[in-house]
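Q: Please take a close look at one part of this model, the way two of its helices cross, and then relate the answer to the pockets and to the covered parts of the fold.

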Amino acid sequence: MTTQLTRSRAQELVRRIQQFSSPAFKKQMKDRFGINTEHALGTPVTTLRKIIKALPRPDQELAEALWETRLHEARITASMLADPAQMTREKLDAWAYELNSWDICDACAGNLFARVKNPLKLAERWMKKEEEFVRRAGFATLAFLALPRAKTDYKDLLKMLPFIKNYATDPRPMVHKAVNWALRNIGKKNPRLTPHALQCAREILDLYADNRAAVWVAKNASWELNSPKIKQMIAGRK
């Protein structure tokens, strides 16, 4: 339960965030990056990190109070402050179903969703949901779990490839771009996974040759994984 003191702390933090906001940057968020700015103030994420740098973390109460404000930047900040260990399944779902912009979605995926207990199970469950940003959250979480520094087991990532193959056909850009992101990251994680990711791309092309979204997902991933620079980078990983 959020206390009045915590709400006051959240309000003070929002005031600080607002001090660094800019109408010009808010316009850029929308026009250049396709961000939903309905509840945005126009403060860069780099500034948000500086604002909370001295704050003790995690701070679940403060994170929940910030989330309750519905403000764009406050919700991104909430993802940085939240405690993965205190995010119950119900609370995770509540946050996921309120996502309304790709940048909040991806911030939550990287800062929070990928750090909870059994994150792959969470990602898999969300992938199967029809809601646009819930499904994106599933694939964005997978993309973070496939980063080189992530300790996700090789076999567990292989089990995710059928979901990539299945949902590559989603016509919504916010979804199939995240599917592509997850496929590319799995392929780039290490040399053992690269052939499996490329095979997944080939299977997508074979199965869905007439689906524009699927063809883009597969061809874009194949192009990146076959580029000399990326192949050299992958070769240096274990």
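A: In this predicted model, α1 and α4 cross with a right-handed sense. The two helices, α1 spanning residues 4–19 and α4 spanning residues 60–68, pack at an angle of about 60°, and their axes lie 9 Å apart. On the α1 side the contact is made by T6, R7, R9, A10, L13 and V14, which meet E61, L62, A65, L66 and E68 of α4. By residue class, this contact of α1 with α4 comprises six nonpolar residues, one polar residue and four charged residues.

The pockets come next. The largest pocket encloses about 670 Å³ of space. Its lining is made up of 30 residues, and those closest to the pocket centre are R49, D106, A107, G110 and N111. Two or more lining residues come from each of α2 (23–33), α3 (45–51), α5 (72–81), α7 (102–111) and α9 (132–145). Of the contributions to this lining, that of α7 is the largest share, with six residues. In terms of chemical character, the lining of the largest pocket divides into 15 nonpolar, seven polar and eight charged residues.

The second largest pocket has a volume of about 180 Å³. P84, A85, M87, T88, R89 and L92 belong to its lining, together with V116, K117, N118, K121, L122 and R125. Both α6 (89–97) and α8 (119–127) provide at least two residues of this lining, and α8 gives the largest share, three residues. Six nonpolar, two polar and four charged residues make up the lining of the second largest pocket.

Helix α8 also deserves attention for its burial. This helix is mostly covered, with seven of its nine residues buried. The buried positions in α8 are P119, L120, L122, A123, R125, W126 and M127. Among them, L122 and R125 are buried and also line the second largest pocket. The partners against which the buried residues of α8 pack are α6, α9, α10 (154–158) and α11 (161–167). Helix α6 is thus named twice in connection with α8: α6 packs against the buried residues of α8, and α6 and α8 each supply at least two residues to the lining of the second largest pocket. Helix α9 likewise has two roles here, as a packing partner of the buried residues of α8 and as an element that gives two or more residues to the lining of the largest pocket.

Terms used
Residues numbered from 1 in each chain as written. Predicted model: local features only at pLDDT ≥ 70, side-chain atom pairs only at ≥ 80, totals over all residues. Heavy atoms only, no water. 1 Å grid on protein atoms, 1.4 Å probe; cavity = no way out; pocket = protein on both sides within 12 Å on 5 of 7 lines; lining within 4 Å. Points joined across faces, edges and corners; volume = space filled by probe spheres on them. Helix = DSSP H or I, 4+ residues; strand = E, 2+ residues; numbered from the N terminus. Nonpolar A, V, L, I, M, F, W, Y, C, P; charged D, E, K, R; others polar. Buried < 20%, exposed > 50% of the residue type's maximum accessible area, 1.4 Å probe, protein only. Contact = heavy atoms within 4.5 Å. Axes fitted to C-alpha atoms, helices over the stretch in contact; angles between N-to-C directions. Left-handed = near helix turned anticlockwise from the far one by under 90°.
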